[in-house]
Number of protein chains: 2
Amino acid sequence: MQLEEGQRVIQQALLRGRLCVVVGHCHVKYHGRAASKLSQGDRLLVVKPDGTFLVHQGKKMAAINYQGPGAIVSAELKEGALLVKAERSKPMNEVIEVSFDSLQAAHSFTLKDDENLRLFGSERQLADLLEQDLALIEPGLKPLKKEAFMRKGRIDLMAQDKKGALVAIELKRRNAGLDAVTQLKRYVDELSKRQKFEVRGILCAPEITANALKMLEREGLEFFKLDYEVSNPSAKIKGLEKKQKMLNEFR
Amino acid sequence: MQLEEGQRVIQQALLRGRLCVVVGHCHVKYHGRAASKLSQGDRLLVVKPDGTFLVHQGKKMAAINYQGPGAIVSAELKEGALLVKAERSKPMNEVIEVSFDSLQAAHSFTLKDDENLRLFGSERQLADLLEQDLALIEPGLKPLKKEAFMRKGRIDLMAQDKKGALVAIELKRRNAGLDAVTQLKRYVDELSKRQKFEVRGILCAPEITANALKMLEREGLEFFKLDYEVSNPSAKIKGLEKKQKMLNEFR
DNA sequence: GCGATCAGCGGCACG
DNA sequence: CGTGCCGTTGATCGC
C-alpha cells in the first residue's frame with residue numbers, strides 16, 4: 001500500500017471521527033513526561049476518534065508508545081515517509097512521532113457504541129455488601145457514617161464494636177501487601193489523634209502477604225480473611241467461618 | 001464480511017503467529033478476577049501472537065476487556081455468531097468471550113520487530129545521575145548504596161551525611177503524594193530499628209502535595225525539590241538552588 | 001481543576 | 001514462584 005493512500009485514510013478518519021488502524025514498518029520517537037526511541041520494526045497503530053493514540057508491538061499487553069484522549073493527530077508525507085504525529089498539552093507538552101516507511105494496511109471504521117461496561121467485584125461493590133452485614137467480621141459490629149470521617153484519604157468502612165470502640169476497616173479485593181497495612185495504619189493513627197477513644201483497624205482482604213501480616217501484628221492491627229465470589233448480579237461474600245486473627249484481643 | 005471468513009482469518013493468524021485485527025458488532029463477557037458484561041456495540045479486537053487479547057471501544061486508552069500474554073484464543077461459529085474466546089489460567093482461571101454478530105473487517109499481519117524501547121527519564125536513570133552528585137542535595141552527602149534492597153521494598157539511594165548519619169533518599173519522578181511519604185517513613189522506621197544511629201529520610205521529587213508535605217513535617221522527614229529535564233541521550237538534573245526544607249535540624 | 005486511591009492494574013526485578 | 005514497586009501508569013471519584 002502506498003504511503004499517500006495511508007495518509008488519506010488517516011486524514012479522512014480524523015475528519016469523520018472514525019477509528020483508524022494502520023500496520024506498517026516504522027520508527028517511533030516520544031518526548032514528554034519522559035522520552036523514548038524505538039528503532040525500525042513492524043507495528044500496529046490505532047487512532048481513536050477521541051485522540052487516543054496507541055502504538056503496539058507484536059507482544060505484551062501494553063502499548064509501547066501512546067497518547068491519551070485529547071491528543072491532536074496529524075499525518076504528513078515527509079522525506080519519503082508517512083509521519084504520523086500525536087501532540088498533547090494536557091499533563092504537559094508531549095509528542096509522539098511515528099514514521100512509516102512502508103505500510104501493510106490502513107483502514108478506518110465507524111464505531112457505534114453507547115454501552116458501558118458493567119463490572120462486578122469492584123472494591124466499592126464489596127464495601128457496599130460488607131456494610132450490610134458487618135456481623136460477618138465480628139458480632140456486634142455496627143456501621144457508622146462513612147463520610148463524617150473522611151478528611152484525608154478515605155476509609156472504606158467505619159464501624160463501632162460492641163464495646164463502643166471505633167473500628168476502621170480497610171478493604172482490599174486482592175492479596176494485601178505492605179501498602180495496604182501502611183494505609184490502614186495512617187487512618188488509625190489519624191483517628192487516634194483526633195479521638196480520645198480506642199481505635200481499632202481491621203484489614204479485610206482475601207489474602208495477605210507474610211511481611212504485611214508481620215507489620216500488621218507489630219502495629220496492633222487485625223486481619224480478617226474475606227472470601228468472595230464474583231458472580232453475575234453482584235459479588236457474594238462467602239464469609240462463613242470467621243478466620244479473623246484477633247491479634248490484640250487484650251484490650 | 002462473512003463471519004465464516006472472519007473465523008478463518010483468526011484461525012490462520014493463530015496458527016501462523018500473526019497479529020490479528022477484527023472490527024465488528026459484538027457483545028463481551030468476562031469472568032475471572034472480576035466479572036463484567038458489555039452489551040452490543042462496535043469494537044476493535046486485537047489478538048497478538050503471544051496470546052495478548054484486547055477489546056477496544058472507540059474511546060479511552062485502556063482496553064475495555066483484555067487478556068495478557070499466554071491466553072489461549074479460539075474462534076468458533078455458534079448460534080449464528082462468531083464467538084472468539086480467550087482463556088487463561090495464570091493469575092487464575094479467566095475467560096473472555098467476544099460474540100460478533102457482524103464484521104466490518106478481519107485482517108492478519110506478520111510483525112517483524114526485534115527492537116526494544118529505549119526510555120529516558122525513568123526513576124532509575126534519575127537515581128544514577130543523582131548518585132553522581134549528591135552534594136546537590138546537601139554538601140558532604142556521600143553515596144553508600146543504590147537500590148538498597150531491604151526485606152521489604154527498596155531504598156532508591158542510601159547515603160551518609162557529613163555528621164555520619166544514615167540518609168535514606170526516596171526518589172519520585174513526579175509530584176509526590178501521601179503514598180511516597182508513607183513509603184519513605186517505612187524505610188526510615190525499619191532502618192532506625194536496625195541501626196543505633198540517627199537515620200534521616202529525604203523525599204526527592206519535582207513537587208509534593210500540601211498534605212504530603214504536612215505529613216512529612218510531622219514525621220520529621222525532609223523534602224528536596226528536584227528539577228530535571230528529560231532529554232534525548234539522558235535525563236538532566238537541573239538542581240542548582242537547594243530549596244531543601246530542613247525540618248528537623250534540631251537533632 | 002487537583003488530590004487521593006483503585007485497577008481484572010501491567011510489567012519488572014530481586015529474593 | 002511470591003513480594004514489592006515503578007509506570008509517559010490510566011481511570012475514577014470527591015473536593
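How do the residues of the surface near DNA strand D divide into nonpolar, polar and charged?

## The surface near strand D

This is a predicted model, and its surface near DNA strand D splits into eleven nonpolar, eight polar and ten charged residues. There are 29 residues around DNA strand D, and the ones that come nearest are Arg33(A), Tyr66(A), Arg173(B), Arg174(B) and Tyr187(B).

Which elements each supply at least two residues of this surface? From chain A they are β4 (65-67) and α4 (210-218), and from chain B there's α3 (178-194). The largest share belongs to α3(B), with three residues.

## Backbone or bases?

Take the atoms of DNA strand D within 4 Å of the protein: 81% of them belong to sugar or phosphate, and the rest to bases.

Both kinds of DNA atom turn up in the polar contacts. On the base side, an N or O atom in the side chain of Arg33(A) is 2.5 Å from a base oxygen of DNA strand D. Tyr66(A) uses a polar backbone atom instead, 2.7 Å from a base oxygen of the strand. Over in chain B, the side chain of Glu170(B) has an N or O atom 3.3 Å from a phosphate oxygen of DNA strand D.

## A look at Gln67(B)

Gln67(B) sits in strand β4 of chain B, which covers residues 65-67. Is it buried or exposed? Gln67(B) counts as buried because its relative accessibility is 0%, and the cut-off for buried is under 20%.

The side chain of Gln67(B) reaches the backbone oxygen of Ala86(B) at 3.2 Å. Leaving aside neighbours within four places in sequence, Gln67(B) is in contact with residues including Met61(A), Phe53(B), Arg88(B), Glu94(B) and Ile96(B).

Note on methods
Residues are numbered from 1 along each chain as its sequence is written. Chains are lettered from A and ligands numbered from 1 in the order in which they are written. This is a predicted model: local features need pLDDT of at least 70, side-chain atom pairs count only at pLDDT 80 or more; totals for chains, interfaces and linings use all residues. Side-chain values use heavy atoms; hydrogens and water are left out. A residue is near a molecule or strand if one of its heavy atoms lies within 4 Å of it. A polar contact is a pair of N or O atoms within 3.5 Å; within protein, one must be able to donate a hydrogen and the other to accept it, and residues adjacent in sequence count only if both atoms are side-chain atoms. Helices (H or I, at least four residues) and strands (E, at least two) are DSSP runs, numbered from the N terminus. Ala, Val, Leu, Ile, Met, Phe, Trp, Tyr, Cys and Pro count as nonpolar, Asp, Glu, Lys and Arg as charged, and the others, Gly among them, as polar. Buried means under 20% relative accessible area, exposed over 50%, partly exposed in between (1.4 Å probe, protein chains only). Contact means heavy atoms within 4.5 Å.
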